[in-house]
Amino acid sequence: MAGCPRPLLRAGGYEDLGVALLERDGRDEAAVLLDRAWEIYHDIGATGPLLALQDTMRKAGFHRARWAPAAARPANGWGSLTPAEVRVARLISAREH
């Protein structure tokens, strides 16, 4: 993986292998790989994958000296709604037509 010139693919490979090792009790090796993936995502500004990986790492009980802050949700507009709220709004909108 280290020779891959595409950082997003390389990080995804580290993440996939790390998650697979977690499922097979390879916690120490998983920690190294997941941390490596986190660093790559952080360095290239891949916020979505980074935040998803952080969630996976936290649920597995891993700790980092620093975590990336979660992106703030807008205060208004469609972006401020949760997925459930969006579904409800669409259902209401569909009934009115």
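Let's start with where helix α1 meets helix α2. On the α1 side, the residues in contact are Pro 7, Leu 8, Arg 10, Ala 11, Gly 12, Tyr 14, Glu 15, Leu 17, Gly 18, Val 19, Leu 21 and Leu 22. Across from them, α2 contributes Arg 27, Glu 29, Ala 30, Leu 33, Leu 34, Arg 36, Ala 37, Ile 40, Tyr 41 and Ile 44. Sorted by class, the residues of this contact come to 15 nonpolar, 2 polar and 5 charged. Please keep in mind, everyone, that this is a predicted model.

Now the geometry of that pair. The α1 and α2 axes come within 8 Å, with a crossing angle of roughly 155 degrees. Anything over 145 degrees counts as roughly antiparallel, so α1 is roughly antiparallel to α2. As for handedness, α1 passes α2 in a left-handed crossing.

Between these two helices there is a loop, and I'd like to stop there for a moment. Asp 25 sits in it, after α1, which spans 7-23, and before α2. What is the phi of Asp 25, which is not a glycine? It is positive, at about 65 degrees. For context, most residues other than glycine have a negative phi. And is Asp 25 buried or exposed? With a relative accessibility of 73%, Asp 25 counts as exposed.

Let's move along the chain to the next pair, α2 and α3. Helix α2 covers residues 27-44 and helix α3 covers residues 47-59. Their axes come within 9 Å and cross at roughly 155 degrees, so α2 and α3 are roughly antiparallel to each other. This crossing, too, is left-handed.

Which residues of α2 meet α3? They are Leu 34, Asp 35, Ala 37, Trp 38, Tyr 41 and His 42, and they meet Pro 49, Leu 50, Leu 53, Gln 54 and Met 57. By class, that gives 8 nonpolar, 2 polar and 1 charged residues. If you compare the two lists, you'll find Leu 34, Ala 37 and Tyr 41 of α2 in the contact with α1 and again in the contact with α3.

One residue of that second contact deserves a closer look on your screens: Leu 50, in helix α3. Its relative accessible area is 4%, and buried means under 20%, so Leu 50 counts as buried. What does Leu 50 touch, once residues up to four places away in sequence are set aside? The answer is Trp 38, Tyr 41, His 42 and Ala 68. There is also a distance to α1 territory: the C-alpha atoms of Leu 50 and Ala 11 are 9.7 Å apart, although 39 residues separate the two along the chain.

Further on, we come to helix α4, residues 83-95, where Ala 89 is found. Ala 89 has 26% relative accessibility and counts as partly exposed. From its C-alpha atom to that of Trp 78, which is 11 residues away along the chain, the separation is 9.7 Å.

Let me finish with the chain as a whole. Its secondary structure comes to 4 helices and 0 strands, so to speak a run of α-α-α-α from the N terminus on. Of the 97 residues, 26% are buried. The chain exposes about 6800 Å², with carbon and sulfur atoms supplying 56% of that area. Finally, take the contacts between residues at least 6 apart in sequence: 36% of them join residues at least 24 apart.

Conventions. Residues are numbered from 1 along each chain as its sequence is written. This is a predicted model: local features need pLDDT of at least 70, side-chain atom pairs count only at pLDDT 80 or more; totals for chains, interfaces and linings use all residues. Side-chain values use heavy atoms; hydrogens and water are left out. Axes are lines fitted to C-alpha atoms, for helices over the stretch in contact, and angles run from 0 to 180 degrees between N-to-C directions. Angles under 35 degrees count as roughly parallel, over 145 as roughly antiparallel, 65 to 115 as roughly perpendicular and the rest as oblique. A crossing is left-handed if the near helix is turned anticlockwise from the far one by less than a right angle, and right-handed if clockwise. Contact means heavy atoms within 4.5 Å. Ala, Val, Leu, Ile, Met, Phe, Trp, Tyr, Cys and Pro count as nonpolar, Asp, Glu, Lys and Arg as charged, and the others, Gly among them, as polar. Buried means under 20% relative accessible area, exposed over 50%, partly exposed in between (1.4 Å probe, protein chains only). Accessible areas come from the Shrake-Rupley method with a 1.4 Å probe; for residues, only the protein chains shown count as cover.
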